[in-house]
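This report covers the fold, the helix packing and a few individual residues of one protein chain. Overall dimensions come after the order of the elements, and single residues come last.

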Amino acid sequence: YWVAGAGGMEIPLTVFVRFTQKAVCDFTSVLQCRHPFECGGLYFMLNTVLSQALCYVALSLFFTSNTGSDKIKLPMSEDNLWTALIC
């Protein structure tokens, strides 16, 4: 479907709306994005699984790179952070 616009603005406006919708879907996993005209079923499911897996990757990368004199002090231990992420 196309976004209605005046003159030659239909295509640029539609492209903008589609990219915005994809960014919202990627970062928030809004369930309304499962419509086939938005992000679709399989794409939405794989995007959600990838988003959840990247939380573990980011935390793992943080703990492997957080060493040395510029180490960031956290309010909880590494084990507690992993437990909070799982729950």
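## Fold and helix packing

Read from the N terminus, the elements of the protein chain follow the order α-α-α. The model is a predicted one. It has three helices and zero strands.

The protein chain has a radius of gyration of 19 Å, whereas a compact globule of 87 residues would have one near 12 Å. Along the principal axes, the C-alpha atoms fill a box of roughly 60 × 30 × 15 Å. Of the 87 residues, 11% count as buried. The exposed area of the protein chain is about 6800 Å², and carbon and sulfur atoms supply 70% of that area. Among contacts with a separation of 6 or more, 16% are between residues 24 or more positions apart.

Two packed helices are described by the angle between their axes and the distance between the axes. The table gives both values for two pairs in this model.

| Helix pair | Angle between axes | Distance between axes |
|---|---|---|
| α1 (residues 10-28) and α2 (residues 41-65) | about 45° | 8 Å |
| α2 and α3 (residues 78-86) | roughly 175° | within 11 Å |

### Helices α1 and α2

The axes of α1 and α2 are at an angle of about 45°, and α1 is therefore oblique to α2. On the α1 side, the contact is made by Lys 22, Cys 25 and Asp 26. On the α2 side, Tyr 43, Phe 44, Asn 47 and Ser 51 take part. By class, the residues of this contact are three nonpolar, two polar and two charged.

### Helices α2 and α3

The axes of α2 and α3 cross at roughly 175°. An angle over 145 degrees counts as roughly antiparallel, so α2 and α3 are roughly antiparallel to each other. From α2, the contact involves Cys 55, Tyr 56, Leu 59, Ser 60 and Phe 63. From α3, Glu 78, Leu 81, Trp 82, Leu 85 and Ile 86 contribute. The contact of α2 with α3 divides into eight nonpolar, one polar and one charged residues.

## Individual residues

Two residues of the contact between α1 and α2, Cys 25 and Phe 44, are described here in turn.

Cys 25 lies in helix α1. Its relative accessible area is 1%, so Cys 25 is buried. Leaving aside neighbours within four places in sequence, Cys 25 is in contact with Cys 33, Cys 39, Phe 44 and Asn 47. The C-alpha atoms of Cys 25 and Phe 62 are separated by 25 Å, and these residues are 37 apart along the chain.

Phe 44 is placed in helix α2. With a relative accessible area of 7%, Phe 44 is also buried. Not counting residues up to four places away in sequence, Phe 44 touches Cys 25, Ser 29, Val 30, Leu 31, Cys 33, Arg 34 and Cys 39. Cys 33 and Cys 39 are thus named among the contacts of Cys 25 and among those of Phe 44. For one of these partners, Leu 31, the C-alpha atom is separated from that of Phe 44 by 8.8 Å, with their positions 13 residues apart along the chain counted as the separation.

Is Leu 54, in helix α2, buried, partly exposed or exposed? Leu 54 has 46% relative accessibility and therefore counts as partly exposed; the partly exposed class runs from 20% to 50%. Leu 54 and Gln 21 are 20 Å apart in space, C-alpha to C-alpha, and 33 residues apart in sequence.

Notes:
Residues numbered from 1 in each chain as written. Predicted model: local features only at pLDDT ≥ 70, side-chain atom pairs only at ≥ 80, totals over all residues. Heavy atoms only, no water. Axes fitted to C-alpha atoms, helices over the stretch in contact; angles between N-to-C directions. Helix = DSSP H or I, 4+ residues; strand = E, 2+ residues; numbered from the N terminus. Parallel < 35°, antiparallel > 145°, perpendicular 65-115°, else oblique. Contact = heavy atoms within 4.5 Å. Nonpolar A, V, L, I, M, F, W, Y, C, P; charged D, E, K, R; others polar. Buried < 20%, exposed > 50% of the residue type's maximum accessible area, 1.4 Å probe, protein only. Rg over C-alpha atoms; globule rule 2.2 N^0.38 Å. Areas by Shrake-Rupley, 256 points an atom, 1.4 Å probe, with all protein chains shown as cover.
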